[in-house]
Amino acid sequence: MMIGRHHGSKLAGAALSAALGQRTFATASVARGFTGEATAGAKFLYSSPARGGAAATTWLRAPAIGMRCESTLALGEKEARPQQQPAEDKRAAAGEKAIASYWGVEPSKVTKGDGTEWRWTCFRPSETYKADLSIDLKKHHAPLTFLDKLAFWTVKALRYPTDIFFQRRYGCRAMMLETVAAVPGMVGGLLLHCKSLRRFEHSGGWIKALLEEAENERMHLMTFMEVSQPRWYERALVFTVQGVFFNAYFLGYLISPKFAHRVVGYLEEEAIHSYTEFLKELDDGNIENVPAPAIAVDYWQLPQGSTLRDVVLVVRADEAHHRDVNHFASDIHYQGRELKEAPAPLGYH
Ligand SMILES: [Fe+2]
Ligand SMILES: [Fe+2]
């Protein structure tokens, strides 16, 4: 991976940015130099007089809410959409001007090992990996204590309404459940972060490990968004469920991280089961085995020509790793120890 930054004066930087057609951040600058108007196309006229006397006028565009980073093929669609094109290229092709950078914050130009341009802005080549498919998918934590049984049956109970709602729509199911799965790591990481600050102590790497899990789950969502599109009521459901689940998990983690991690361990066991069912549907031909989304090919370093089945295999392997990390975290608490006392399994995919 090679990362190079464009340097130069702010004005030159803005001009270069415009020439490259790349996005940079320009938020606070609006507060200072914003002179004018917003149009229906979310355009803002930004005029900065503090440019050596020469007033620089630049069009800024607010990012469209809900804009998808890249896109390939949705299940059930008859025709494949054109192959991925970086969002910046699309905007440049549409004749849109780049966002100006008042602060000299220029976008990094990232290239792959072979020198070709890295097309994703949401993750870097250093964050990609090959999934370990050899992980034992059948491992199970037998619930023996009251708390473990409570965690186990809570997750089992949640499965029933999920099965009824989604039936056999596994693509949609995966997409929706990943919106929930990406919450616990972020909440756990956040609370450990605050604890580290409060107590003036190290975390043992667990903050990062849990945030890595959250990011990995979010990449699952970014991937399944490419093969399934949420309907309006599914979006509304995610909105509601997130509000409830985030707060419930936050409270649960504050009261008993031992219980919270155990719940996630069992949720991951259920996720493995769901993805196994997904694979069966693919193998039976009930779900079309479409080409793997390009984002998945790059994130998991999949060979060209990979399919949705390959993607489900690597995602399932990820879930097995999350299962291990969370059961392990709960076990540490069961032994009367704190997470920081056991080095966190960083990079455990
Ligand atoms: Fe996931
Ligand atoms: Fe997971």
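This tour moves through a predicted model, from its two iron ions to the helices and loops around them.

**First stop: the iron ion (ligand 1).** Select ligand 1 and display the side chains that reach it. The coordinating atoms come from Glu-178 (OE, listed twice), Glu-217 (OE), His-220 (ND1) and Glu-319 (OE), at 1.9 to 2.4 Å. Read along the chain, these donors follow the spacing E-x38-E-x2-H-x98-E. Next, select Glu-178 and Glu-319 together: Glu-178 belongs to helix 5 (residues 170-199) and Glu-319 to helix 10 (residues 308-334), so that the pair links distant parts of the chain, 141 residues apart. Colouring by accessibility will show that both Glu-178 and Glu-319 are buried.

**Second stop: the bridge.** Centre the view on Glu-217. This residue bridges the iron ion (ligand 1) and the iron ion (ligand 2), and the two ions lie 3.8 Å apart.

**Third stop: the iron ion (ligand 2).** Keep Glu-217 displayed and move to ligand 2. Its protein donors are Glu-217 (OE), Glu-268 (OE, listed twice), Glu-319 (OE) and His-322 (ND1), at 1.8 to 2.5 Å from the ion. The donor residues have the sequence spacing E-x50-E-x50-E-x2-H. Now select Glu-268 and His-322: Glu-268 lies in helix 8 (residues 257-283) and His-322 in helix 10, and the pair joins distant parts of the chain, 54 residues apart. Glu-268 is buried, as is His-322. Glu-319 deserves a second look at this point, since it appears among the donors of ligand 1 and also among those of ligand 2.

**Fourth stop: helix 10.** Select residues 308-334, the helix that carries Glu-319 and His-322. Helix 10 has 27 residues, and the distance from its first C-alpha to its last is 39 Å, close to the 39 Å expected at 1.5 Å a residue. How many of its 27 residues are buried? The count is 21, and the helix is mostly covered. Follow the chain just past the end of helix 10 to Gly-336, where phi is positive, at about 75°.

**Fifth stop: helix 5 against helix 6.** Return to helix 5, the helix of Glu-178, and add helix 6 (residues 206-224). The two pack at an angle of about 160°, with their axes 8 Å apart. Angles over 145 degrees count as roughly antiparallel, and helix 5 is therefore roughly antiparallel to helix 6. Their crossing is left-handed. The residues of this contact comprise 13 nonpolar, seven polar and four charged.

**Sixth stop: the loop between helix 5 and helix 6.** Select Phe-200, which sits in the loop between these two helices. Its phi is near 55°, a positive value in a residue other than glycine. Is Phe-200 buried or exposed? Phe-200 is exposed, with a relative accessible area of 78%.

**Seventh stop: helix 4 against helix 8.** Display helix 4 (residues 146-166) together with helix 8, the helix that holds Glu-268. The axes of helix 4 and helix 8 come within 9 Å and cross at roughly 40°. The two helices are therefore oblique to each other, and their crossing is right-handed.

**Last stop: Gln-301.** Finish in the loop between helix 9 (294-299) and helix 10, where Gln-301 lies. Its phi, near 55°, is again positive in a residue other than glycine. Gln-301 is partly exposed, with a relative accessible area of 33%.

Conventions: Residues numbered from 1 in each chain as written. Chains lettered and ligands numbered in written order. Predicted model: local features only at pLDDT ≥ 70, side-chain atom pairs only at ≥ 80, totals over all residues. Heavy atoms only, no water. Donors = N, O, S within 2.8 Å, 3.2 Å for Na, K, Ca; no water. Helix = DSSP H or I, 4+ residues; strand = E, 2+ residues; numbered from the N terminus. Buried < 20%, exposed > 50% of the residue type's maximum accessible area, 1.4 Å probe, protein only. Expected span 1.5 Å × (residues − 1). Axes fitted to C-alpha atoms, helices over the stretch in contact; angles between N-to-C directions. Parallel < 35°, antiparallel > 145°, perpendicular 65-115°, else oblique. Left-handed = near helix turned anticlockwise from the far one by under 90°. Nonpolar A, V, L, I, M, F, W, Y, C, P; charged D, E, K, R; others polar.
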